[in-house]
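Here are my comments on the model you sent, set out as numbered points. Please read each one with the structure open beside it.

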Amino acid sequence: FLMERKTHVKINRKEVMLAKLRKSCSCTPQKLKKFLMDFFPVLRWLPKYQCKEYIWGDVMSGLVIGIILVPQAIAYSLLAGLKPIYSLYTSFFANIIYFLMGTSRHVSVGIFSLISLMVGQVVDRELLLAGFDLNDDAPPALGDGSLQNDNLSNTTAFNLTIAGINAECGKECYAIGIATALTFMAGVYQVLMGIFRLGFVSMYLSESVLDGFATGASLTILTAQVKYLIGIKIPRSQGHGMLVITWINIFRNISQANLCDVITSAICIVVLVTAKELGDRYKHKLKFPLPTELVVIVVATLVSHYGKLNEVYASSVSGAIPTGFIPPKVPEFNLMLRVALDALPLAIVSFVFTVSLSEMFAKKYAYTIRANQEMFAVGFCNIIPSFFHSFATSAALAKTLVKTSTGCQTQISGVISAMVVLLVLLFLAPLFYSLQKCVLACIIIVSLRGALRKFRDVPARYQVNKVDTLVWVVTMSASALVSTEIGLLVGIVFSMLCIIVRTQRPRTALLGQIQDTSLYEHDLEYENLSTVPKVKIFRFEAPLYYANRNYFLKSLYRLTNLDPNLEAARRKKYEKKEKQHLKKGNHRTANGMGIGETSLQLVPKQIDFQALVVDCSSISFLDTTGVNTLKEILKDYKNLNISVLLACCNPSVIDSLKRGGYFGKDFGCMQEMLFYSIHNAVLFAKDQK
């Protein structure tokens, strides 16, 4: 039987688009209010804030994150190739803006190691092209930590006018100019993606690609910090193969290692790792995480200052960190053109990490987020701070986990964290003058534990899915050995190729009947299946389209042990020989049989079936080539008096077959060619003579 299809009313897409356009362009007080409430979600939830219930958790989590943010911000400035003050600016502005525009209650948006690395690679490249020395280990200029002295000390002897920046702009000025231009462009891309609703781009970054990318970038981050750990002065490597080149330079200069930095690094790593392990083990007993990084930084700064490690042992220190805010400045347009291409992967990675974390914690705590609004939020977390000498931001998993574990309820905690950073910016920043860079490198390396532990998960990942493991390995290797941007691109392309290959060569099977049932399954996978006499049931577990057409035919011919084209050619050849013998008057055939026996010889012994049932339950769609392929096998098998029956086709496949003329002009034979279950097709085949 054939089920009657519903008649769908045709939609005039032009009218629908015009109606939506008129609706979106109209302006009423209600629409304006809704727009503001949607664009600034804080206007929705802040008036409903339950102060007695939420305030304690928000204040505690905000203070803890603020305490963690300060040392991390100073440390991650090494990755970005910028002064620590710019990292503090970034952490401050990102928390304030996400508080206003974000839809997640829990994620911590701010400075992130992976984003800092991507910014730093672009900054280093542009500095090198501009003729600056990438060696950042020069002795810091003396000063009281004020903004004016810092600006004077960073004006170099380069008399350049580069991309519109005046001649007094030195290395630091040019570096932050590149970083802000890059950040502004990344934010613009994210806002445009939000306007055009391009959030679906994140779907092409699978979990394996993201994990591999993060792990490969972590290896690059670790490599970049080794020179600070042991206190050697080597050039900052640029371009492809940075990881290998850096390690070669490290081993070449290992004899120049600073003993003071080596000892300090060893002590800091032992303390940090021990504290982290104890914190993980007893986290259920601790009300909030131990501020180990802050304690290490305070103690190390005091030891370095009173021990005069910079003067006596030539240990590299952070130098003067100014207080207050630098006047805002519009990012240079000429620099934006130079980094426009670099900003695209930065925008995508920043958005994907933020949205994936937001969705993960929203699901955990039973609320919803708006991915498109998250795109706007992270976009403006980049655009607005770029005017205030900040660089790109993203949500960070480690800090978000700390927020939730310390009782965070809303983004009020982000404002508290911003106030802690503001306190450091206004008053405490100069106190970190004597902080050794090797201590900052230790904090960065220990923070990579989670990403580096992914190597331990490889065997388990391999047991779950071999293809995903291969995607992880390829992405990780490309990110570490070539570059982070190339690694991300390689990961996306390779994962897509894996999907294409899997649809090009899918699983195929002949099905057998489960005894005393109307169900059918793979005859090589299950025991006690019975074959159906005179019927072959073929399953193809993928869409049928141009790329797998040949594999479909080869698999069908191999499993049924019959190629209809070869069989038809053999029969024609045999008939031709028979006619030649009959013309000569020979009543014996070519193989010595009588004429009466010829008809038996025309039906080959290997054809042991009279009907072929194609199980289409796994065929999600057909293209033109797929329809033509089914029409081809229908014709070829018909020439051998074998009927082809289709079973379990979805409506999309049926429509494609109708449009392709598979059932004829008036669909008169449709009832004898299409069945809603395999069993119905088998019963029909058995009833045929």
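**Notes on the predicted model**

1. Both tyrosine 662 and phenylalanine 663 are buried. The model is a predicted one, and a search of the whole structure finds 23 aromatic pairs in it. One of these pairs brings together the rings of phenylalanine 92 and phenylalanine 93, whose centres are 5.1 Å apart and whose planes meet at 75°, so the pair counts as edge-to-face, given that angles over 60 degrees fall in that class. The rings of tyrosine 662 and phenylalanine 663 are also edge-to-face, because their planes stand at 90°, with 5.2 Å between the ring centres.

2. Are phenylalanine 92 and phenylalanine 93 buried or exposed? Phenylalanine 92 has a relative accessibility of 11% and therefore counts as buried, the limit being under 20%. Phenylalanine 93, with a relative accessible area of 13%, is buried as well. These two residues belong to one aromatic cluster, which also takes in Tyr86, Tyr89, Phe325 and Phe388.

3. Turning to the overall layout, the domain assignment divides the protein chain into domain 1, made of residues 51–133, 171–224, 241–317 and 334–501, and domain 2, made of residues 508–570 and 606–688. The centres of domain 1 and domain 2, taken over C-alpha atoms, are separated by 54 Å.

4. The unreviewed UniProt entry carries the annotation "transmembrane region" for residues 54–76, 96–119, 173–192, 212–230, 335–355, 376–398, 410–428 and 472–501. How do two of these spans look in the model? Residues 173–192 are 100% helix and 0% strand, with their end C-alpha atoms 29 Å apart. Residues 212–230 are likewise 100% helix and 0% strand, and there the end C-alpha atoms lie 28 Å apart.

5. Helix 15, which runs over residues 371–386, allows a simple check of its length. At 1.5 Å a residue, its 16 residues should span 22 Å, and the end C-alpha atoms are 23 Å apart, which agrees. Of the 16 residues in helix 15, 13 are buried, so this helix is largely enclosed by the rest of the structure.

6. Strand 7, residues 609–615, is mostly covered, with 6 of its 7 residues buried. Which strands pair with strand 7? Strand 6, residues 534–540, pairs with strand 7 in the parallel sense over 6 bridges, and lysine 536 has leucine 612 of strand 7 as its bridge partner. Strand 8, residues 643–647, also runs parallel to strand 7 and is joined to it by 5 bridges; among the partners, alanine 611 is matched with serine 643, and valine 614 with leucine 646. Between strand 7 and strand 8 the chain passes through helix 26, residues 624–638, and this β-α-β crossover is right-handed.

7. Strand 8 is mostly covered too, since 5 of its 5 residues are buried. Ser643, Leu645 and Ala647 point one way from strand 8, while Val644 and Leu646 point the other way, and all of them are buried. Strand 8 is further joined by 2 bridges to strand 9, residues 674–675, and these two strands run parallel. Leucine 646 has leucine 674 of strand 9 as its bridge partner.

Key:
Residues are numbered from 1 along each chain as its sequence is written. This is a predicted model: local features need pLDDT of at least 70, side-chain atom pairs count only at pLDDT 80 or more; totals for chains, interfaces and linings use all residues. Side-chain values use heavy atoms; hydrogens and water are left out. Domain bounds come from an automatic or database domain assignment. Helices (H or I, at least four residues) and strands (E, at least two) are DSSP runs, numbered from the N terminus. The expected span of a helix is 1.5 Å times one less than its number of residues. Buried means under 20% relative accessible area, exposed over 50%, partly exposed in between (1.4 Å probe, protein chains only). UniProt positions are given in the numbering used here, feature names are shortened, and annotations may be inferred rather than shown by experiment. Two strands pair if DSSP finds at least two bridges between them. A crossover is right-handed if, with the strands pointing away from the viewer, the path from the first strand over the helix to the second runs clockwise. Rings of Phe, Tyr and Trp (its six-membered ring) pair if their centres lie within 6.5 Å; planes under 30 degrees apart count as stacked, over 60 as edge-to-face and the rest as tilted.
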